[in-house]
Amino acid sequence: MSSKKVVITGIGIISSLGHNKKENLEQMKKGQSGIDKIQRFNTDKFISKIGAEIKKYNPKDYFTQKEIDEYDRCAQYAMISIKEALDESGVLNYTSSSKIGLALGTCNGGVNSLEEQGTIESLDQKQTKKYPFFNQSDHVAQYFQLGGPVNTINTACAASGNAIGFGFDMIRKGYADVMIAGGSDSMSLSVYAGFNALRALNSDPCSPYSNAFGLSLGEGAAFVVLETIESALSRNATIYAEVCGYGLSSDAYHETAPHPQGLGIKNAIECAIKQASIETKDIDYINTHGTGTKANDSAELKGLEQVFGIERLKQIPISSSKAYFGHNLGAAAAIEYVTTLLAMKENLLPATINFQEKRDGCEKAYIITNEMKEQKTNYFLCNNSAFGGHNASIVSKNWVDQEDRMHQTAISLQSTNDNVYIVGIGNCTTLSKENQHSLIEYLIDIGQTSQELDFNLKDYDSSLYERRMNSLAQYSIGAANEALKNTNTEFPLRSEDIGLIYGTSRGSLQSSEKYFQSILQKGPEFASSIYFPDMVLNSVAGKISKKLNLQGFSSSISTGGSDGLFSAIYGFEVIKNNIHSYCLVGAGDEHSNLSSQIDHALGLDKSIYRISEGSSFLMLSNQIDRGTSFAEITGAGLTFGADASSLIRAVHMALDHSNSKIEDIDFIFYNSNGLPGDMSIYENMFKELNTKNTVLKHCFNAKEYLESTSSLNHLYAAAELLSGQVGNIDAVNHYFNQDVTKFTKGLIVSTSINGNNSAVVVSKIG
């Protein structure tokens, strides 16, 4: 399969500078900042009174009352900017919506819909239903009737950069013809209070790299339309830029502070430049993360120096756009990226406004200050970093000269044909169980389970535990560590050579409860600085990376029910792309009072399955030890749509990618949430697939259902079954009433509560 060139043909934005791209660029050219006094909530008791709110926003200008009631403000902002991008691109006139996907990055999700209730007890179901992070993407996808891959990326302030990279992957690898990618976040009292508790806010409008420390929070959304260069040229679409490569990494250092030497951002940039097949000398401009805090700005410059060298970096103009827009959290990367593209169309570069004097440690940098710089730019870099230690970097080529258009289509990178194997497995569920040697044995055991898991990380390995560590982090670190230990290699794995993809629909609601209680009981000015960092869903992935010292390609995602299997597919592509030879993929779930209320709002409390908690991980690799490896992943499919036909499209995509037919499949493991509508989708899928009668069809969730993890558990069980490494194979044969040792190929299928569909073909290692 060739890796297709991917270009941007549409842009949409809503921010504190304007409701569309024209307004935003005009204000930037005037050197205007959108940072002003906060209007939405009282700031009298905070160290700062300002932020970059969207001015004169009235949802009735864009939505019906029914839509306003249904969509959180985060989703609303996304819909507004996406509509502008789609209108400019015109792609809907040429491409079936079933082949258009969405990647949405967010830091806060629907937190407005939760905090506006003023309580976390006896919550309103309609309002609470808008809160889960995955619902932001799902609602947007439903609004535009999209049927391609849909992914909510929750890597905090690096999320929308990650989203653009993910969209790039989905097109290059044939999962979608078009991807809409970007991010959205809205101003939130609870989030503002958290940054106030960390003493990170500036009382004056921020100016990164200048002599006044502190950030200014903002809100907004920005999205791009991504498609192949062939598609764009065939319909004479406007082309802004080519996305050439992206890199992700983890600092593996601290929950809120960047690595002081910029190690993580260095790794992300190097990954992006390598994938783009260019050299550091080719970069003409860098739009930095530049929050304005002392720790971030100096760390980022040190990371840049390690990549480019001090002398070369002095020659590259850099700036931070946060002085215009504030720090837009999950939308930051996308807002900064699209406004850079808009400026470059006029041969301009964004400035760092409000600038007075360079602070210590920034003297050598070539910072564009106060006025936009005139420059024709070829290759440029956009960087972003986040709580939890996540980093994202994108290399793009500015589309200035459109004369030699056909030459552009002739150049195409070739993807690798490396096989991807499951070489390690680990979970926290069976560690405390006696007489069970595998997860599949546990899942077929008819014995009842409790809602709370009997696992304690401190007892398992005290060196991995930290005081006040939430249950989700404990489960996930334990499971990831088991998968890492279970991986058999002839050489020690280097920390920067292991990727990590983690799926969680909700993050740690135990920590969120404690944080909200600190505000509700004492007031926002007394928000807990201890629990605030765990409000971001990627905090668990950050803790895993820190404890296991994983510094490679790293992401955290939410899909609302297919998180684990989706993570495995993303990790599968990381290996196929030769980014790393090893990638940990996993998911986790945690029980709490707040999670029970969300279950009620979503209707999951009506499931026939017991809702439980825990975590599982798999290690994927292109390296194989035939004696200890488990199975091979040969193909995957991703679609969106809450019906059997959409799920079947994912199945056929997986079969096509694996060069298999449905007749080749010996078993189908399907992940159901136990609701009538979900089970009906699977029943219709089986009818339409018309599989042979001997195909084993089974859902393991009668034992327990874990929203994020159960989909991965089905792949985990398949890997054990195909490997022949099940302790009591006679019990498994007896349970299924057939000889499972003869199976050679299986299909793993999952759909979420909103129709986020994943399918994987897994085979016995020959």
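# A guided tour, one selection at a time

The count of salt bridges comes to 26, taking a side-chain nitrogen of Lys or Arg within 4 Å of a carboxyl oxygen of Asp or Glu. Keep in mind as you click along that this is a predicted model.

**Stop 1: Lys5 and Glu242**

Start by selecting Lys5 and Glu242, whose side chains meet in a salt bridge with an N to O distance of 3.6 Å. Lys5 sits in the loop between β1 (2-3) and β2 (6-14), while Glu242 belongs to strand β9 (residues 241-250), so this pair ties together parts that are 237 residues apart in sequence. Buried or exposed: what are Lys5 and Glu242 here? Both Lys5 and Glu242 are buried.

**Stop 2: Arg40 and Glu219**

Next, pick Arg40 and Glu219, another salt bridge, with the closest N and O atoms 2.6 Å apart. This pair also links distant parts of the chain: Arg40 is in the loop between β3 (36-37) and β4 (50-51), and Glu219 is in the loop between α8 and β8 (220-228), 179 residues apart. Colour by accessibility here if your viewer allows. Arg40 has a relative accessible area of 32%, so it counts as partly exposed. Glu219, in contrast, has a relative accessible area of 0% and is therefore buried.

**Stop 3: helix α10**

Now move to helix α10 (residues 263-276) and show the side chains of Lys266 and Glu270, which lie four residues apart in this helix, about one turn. Their closest N and O atoms are 3.3 Å apart, and the two form a salt bridge. With cut-offs of 20% and 50% for buried and exposed, Glu270 is partly exposed because its relative accessible area is 35%. Lys266, at 17% relative accessibility, falls in the buried class. For a wider view, select Glu255, Glu466, Asp534, Lys543, Lys546 and Lys547: salt bridges with shared partners join these residues into one network.

Before leaving α10, draw a distance from Glu270 to Asn391. The C-alpha atoms of these two residues are separated by 12 Å, and the residues are 121 apart along the chain.

**Stop 4: where two helices cross**

Show helix α8 (residues 189-197) together with helix α19 (residues 509-522). Their axes are 11 Å apart and the helices pack at an angle of about 90°, which means that α8 is roughly perpendicular to α19. Which residues make the contact? On the α8 side, select Ser190, Ala193 and Gly194; on the α19 side, select Tyr515, Phe516 and Ile519. Sorted by class, this contact of α8 with α19 has four nonpolar residues, two polar ones and no charged ones.

**Stop 5: the nonpolar cores**

Turn now to the largest nonpolar core, which holds 168 residues. Which of its members touch the most other members? They are Phe195, Tyr337, Phe667 and Leu715, so show these four as sticks to get your bearings. Then expand around Leu715. Beyond its neighbours within four places in sequence, Leu715 is in contact with Ile422, Leu565, Ala568, Leu618, Ile633, Ile748, Val760 and Val762. A second, separate core has 29 residues, including Tyr77, Val91, Leu102 and Phe144.

**Stop 6: Asn151**

Select Asn151, in strand β6 (residues 150-153). Its relative accessible area is 0%, so Asn151 counts as buried. Apart from its neighbours within four places in sequence, Asn151 contacts Leu102, Ala103, Leu104, Ser137, Phe166, Ile557, Ser558, Thr559 and Phe566. Add Phe640 to the view as well: the C-alpha atoms of Asn151 and Phe640 are separated by 9.7 Å, although the residues are 489 apart along the chain.

**Stop 7: His139 and Thr95**

Finish with two single residues. His139 is part of helix α6 (residues 133-144). It is buried because its relative accessibility is 8%. Setting aside residues up to four places away in sequence, His139 touches Glu70, Tyr71 and Met79.

For the last click, go to Thr95, in the loop between α3 (73-89) and β5 (100-105). Buried or exposed: how is Thr95 classed at 13% relative accessibility? Thr95 counts as buried, since 13% is under the 20% cut-off. Outside its neighbours within four places in sequence, Thr95 is in contact with Ile100, Asp177 and Val178.

Conventions: Residues numbered from 1 in each chain as written. Predicted model: local features only at pLDDT ≥ 70, side-chain atom pairs only at ≥ 80, totals over all residues. Heavy atoms only, no water. Buried < 20%, exposed > 50% of the residue type's maximum accessible area, 1.4 Å probe, protein only. Contact = heavy atoms within 4.5 Å. Core = buried A, V, L, I, M, F, W, Y, C linked by side-chain atoms within 4.5 Å. Axes fitted to C-alpha atoms, helices over the stretch in contact; angles between N-to-C directions. Parallel < 35°, antiparallel > 145°, perpendicular 65-115°, else oblique. Nonpolar A, V, L, I, M, F, W, Y, C, P; charged D, E, K, R; others polar.
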